[in-house]
Amino acid sequence: MARGFSIKHQPGFTAIAATCFAVLYMPIIVLVAYAFNASSSTSEWGGVSLKWFQSAWNNDQVVDATLRSFQIAATAAILATIVATMAALATTRTAPYPGLTFKYAAINQPLMVPEIVTGVALLIFFSRIKIFSGYSGLGYLIAAHTAFCIPFAYLPIRARLENMDLTLERAAADLYATPLKTFRHVTLPLLWPGILAGLMLAFVISLDDVVITEFVKSGGQDTLPTYMLGQIRRGITPEINAISTAFLLLSIVIVTLFFFISRKRD
Amino acid sequence: MGCCVPETPGRNAIEVRGVRKVFGAGEAQVAALDTVSVSIRENEFFTLLGPSGCGKTTLLRLIAGFDFPSAGEIMLYGEDIAPLPPFKRPVNTVFQSYALFPHMSVAQNIGFGLEMLGKPKDQVKARVAEMLKLVRMEALANRRTSQISGGQQQRVALARALAPQPKVLLLDEPLSALDYKLRKEMQIELKRLQSETGITFIFVTHDQEEALTMSDRIAVMSSGKILQVGTPRDIYDRPAERFVADFIGETNFLKAEVTGAANGRATVKLSSGVEIPASLPAGFSPSGKVTIVVRPEHAHLVAGNEKASLSGIVENVVYLGTDTHFHLKLDDGDAFIVRRQNARGGPVDLAQGDRAGIIIGGDAAQVLKD
């Protein structure tokens with residue numbers, strides 16, 4: 001034990017790690033590789049080509065679904081972040097009281113209830129409203145996405161608030177800042193990295209959603225993931241690979257962007 | 001005798017009247033402040049001294065407005081500020097943790113209060129420059145607060161609290177995070193700032209040495225009550241209660257019996273049968289058995305037991321550089337410590353096991369209320 005315990009020196013550790021990484025990344029690597037396939041098969045290699053990217057770009061349905069996805073994700077993420085910020089402030093800026101844990105659970109409900117249950121419930125609920133109101137726009141999808149994005153936005157914001165020194169807000173109040181000015185000049189600037197993290201997380205989660213969207217969407221309201229799912233049912237071409245690759249690239253860009261923003265802030 | 005600040009009845013900056021603060025409810029109710037009344041004069045360096053949990057910080061928070069009293073009034077120049085929120089009180093605080101805004105520069109921190117008061121930009125700028133000069137931080141005006149040392153952060157916190165020219169400055173153990181040498185420096189610095197700005201300082205500490213060094217007056221607190229208010233000299237030389245005598249400095253407690261009392265002076269008979277004069281706490285006229293206190297440096301040792309007030313055996317001699325402590329066991333079994341300042345070539349007379357007499361001078365003994 002003189003050298004101390006190191007898991008690196010355990011027999012089989014390297015092999016297990018390599019296997020895990022292979023299982024995790026090989027399918028993605030294969031998917032990306034076949035996006036550049038010249039043939040129309042997703043399993044037989046026919047040379048390098050960008051034609052499937054071009055084909056996706058020229059496919060109106062794909063463009064439509066992508067724009068819709070972004071519209072929903074952006075709106076839902078912003079709404080969810082606003083609500084989550086208010087919820088985080090309300091749950092951290094009070095002395096603990098009985099029932100507070102219950103409120104945490106209520107806010108984080110979408111993390112615990114199976115998506116399929118929420119999906120079915122919303123389908124039934126919204127179908128009634130659709131009949132009564134006659135409205136069948138994107139509002140339902142945005143509302144549903146906002147709801148399940150709230151906990152994802154809430155968690156990083158609450159974490160940030162809990163680590164923030166309460167004395168700072170007290171100091172601001174002591175220096176003649178009204179509660180509103182304290183929030184504007186002290187709390188918000190210090191909370192900003194948490195809010196950005198919440199926003200990005202909510203955006204990515206919304207962009208990715210299939211189950212709830214599938215249940216809630218009306219005809220002609222396909223998002224990119226539900227469109228892809230529909231395509232796969234009909235027969236698969238490397239166009240799906242090309243779309244997935246673009247999607248992957250976008251996620252990497254968002255995460256990297258967030259990483260740099262949050263690092264600069266600290 | 002016994003007083004370094006003349007008792008000029010100046011205007012009161014703060015008057016705390018019958019303030020109670022109760023935390024919790026029902027069975028679990030705790031009185032952090034138990035009906036406290038105290039007046040703090042204009043331009044005074046006033047210290048709230050006591051062990052942790054004595055209520056000193058609670059009282060400070062009530063004056064700052066971070067908490068509200070359960071009962072009583074807090075008057076600031078005659079106006080009850082107890083119900084006002086902190087941002088409406090012309091009172092600023094230096095926090096124990098400094099609480100500097102990490103997303104602002106040193107200058108922005110100092111200017112924050114004035115900005116919030118809506119002062120014009122050029123006025124804020126001028127005042128910030130003035131404050132930077134006052135705390136000798138001009139060179140670091142544009143630094144982030146995370147890029148400066150603890151002592152410098154302390155100065156910025158002071159400048160930030162002084163910039164809006166508060167009527168009263170509250171300091172919540174601001175020196176406790178500094179090392180010994182820096183703390184000594186800041187004690188002098190604080191005293192200088194107080195006399196230069198002429199602002200009333202209310203300083204909270206558990207460090208009796210700090211309190212004695214800096215204060216014009218001290219209030220000693222324990223268990224939510226103020227036990228005694230007075231100049232450092234009063235508190236040290238004339239403690240009224242056992243807690244005060246024990247908390248501040250080293251003390252010998254002696255059993256005695258009052259044989260006569262008049263005009264704040266008493267004659268008490270010690271266990272040795274010798275009668276000595278002693279001072280009485282204001283408005284206190286005891287009879288029968290009492291406890292008296294004698295500071296170790298206010299008693300003298302003589303060899304043998306002639307002409308002495310008390311006598312005993314030297315049990316231990318502790319050399320401390322500047323002075324020597326003689327630990328004695330009195331004839332009645334009690335312990336007594338005498339402190340003697342060391343002089344070069346001074347007599348090295350008494351050693352362990354020697355018999356010695358203790359002379360308690362005419363003004364050395366003080367009768368306690370409890």
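Which residues of α3(B) are buried? This report takes up that helix, then the rest of chain B and its contact with chain A. The model is predicted.

## Helix α3 of chain B

The buried residues of α3(B) are B:Val124, B:Arg127, B:Val128, B:Met131 and B:Leu132. They sit on the same side of the helix, because they cover an arc of only 140° around the axis. That buried set packs against two other helices of chain B, α2 (106-116) and α4 (150-162). The face turned away from the buried side carries exposed residues: B:Asp122, B:Gln123 and B:Lys133.

α3(B) spans residues 121-134, which makes 14 residues. From first C-alpha to last, α3(B) reaches 20 Å, close to the 20 Å expected at 1.5 Å a residue. Just after the helix, B:Arg136 takes a positive phi of about 55°.

## Domains of chain B

The domain assignment splits chain B in two. Domain 1 covers 43-61 + 89-237, and domain 2 covers 250-367. Their C-alpha centres lie 40 Å apart.

## The four-stranded open sheet

Four strands of chain B form an open sheet in the order β2-β1-β4-β5. Their pairing is antiparallel. The edge strands are β2 (30-41) and β5 (79-80), and each pairs on one side only.

Inside that order, β1 (residues 12-23) and β4 (residues 71-76) of chain B pair over five bridges in the antiparallel sense. One residue pair shows the register: B:Glu15 has B:Met75 in β4(B) as its bridge partner. Strands of a sheet pair through backbone hydrogen bonds, either parallel or antiparallel.

## Strand β9 and its partners

How many residues of β9(B) are buried? Five of its six residues are, and the strand (residues 217-222) is mostly covered. β9(B) pairs with β3(B) and with β10(B).

The pairing with β3(B) is parallel and uses four bridges. There, B:Phe46 has B:Arg217 of β9(B) as its bridge partner. The pairing with β10(B) (residues 225-230) is antiparallel and uses five bridges. In that pair, B:Ser222 stands opposite B:Lys225. β9(B) and β10(B) form a hairpin with two residues between them. One residue in the turn, B:Ser223, has a positive phi of about 45°.

## Strand β19 and its two faces

Which residues of β19(B) make up the covered face, and which the uncovered one? B:Ala356, B:Ile358 and B:Ile360 are on the covered face. B:Arg355, B:Gly357 and B:Ile359 are on the uncovered face. The numbering fits a simple rule: in a regular strand the side chains alternate between the two faces of the sheet.

β19(B) (residues 355-360) pairs with β15 (residues 299-303) of chain B over five bridges, in the antiparallel sense. Here B:Ala299 has B:Ile360 as its bridge partner. β19(B) is also joined to β16 (residues 310-319) of chain B by four bridges, again antiparallel. In this pairing B:Leu310 stands opposite B:Ile358. Both B:Ile358 and B:Ile360 belong to the covered face.

## Positive phi in two loops

Most residues other than glycine have a negative phi, and most peptide bonds are trans. Two loop residues of chain B go against the phi part of that rule.

B:Asn43 is not a glycine, yet its phi is positive, about 60°. It lies in the loop between β2 and β3 (45-49) of chain B. Is B:Asn43 buried or partly exposed? B:Asn43 has 15 other C-beta atoms within 10 Å, so it counts as partly exposed.

B:Glu173 has a phi near 45°, also positive and also in a residue other than glycine. It is found in the loop between β7 (168-172) and α5 (180-197) of chain B. B:Glu173 counts as buried because it has 20 C-beta neighbours inside 10 Å. The cut-off for buried is 20 or more.

## Contact between chains A and B

The contact takes 15 residues from chain A and 16 residues from chain B. On the chain A side, α8 (166-174) and α9 (179-208) each supply at least two residues. The largest share, six residues, comes from α8(A). By class, the chain A side has nine nonpolar, two polar and four charged residues.

Terms used: Residues numbered from 1 in each chain as written. Chains lettered and ligands numbered in written order. Predicted model: local features only at pLDDT ≥ 70, side-chain atom pairs only at ≥ 80, totals over all residues. Expected span 1.5 Å × (residues − 1). Buried ≥ 20, exposed ≤ 12 C-beta atoms within 10 Å, placed from the backbone. Arc of directions from axis to C-beta. Contact = placed C-beta atoms within 7 Å. Domains from an automatic or database assignment. Pairing = 2+ DSSP bridges. Nonpolar A, V, L, I, M, F, W, Y, C, P; charged D, E, K, R; others polar.
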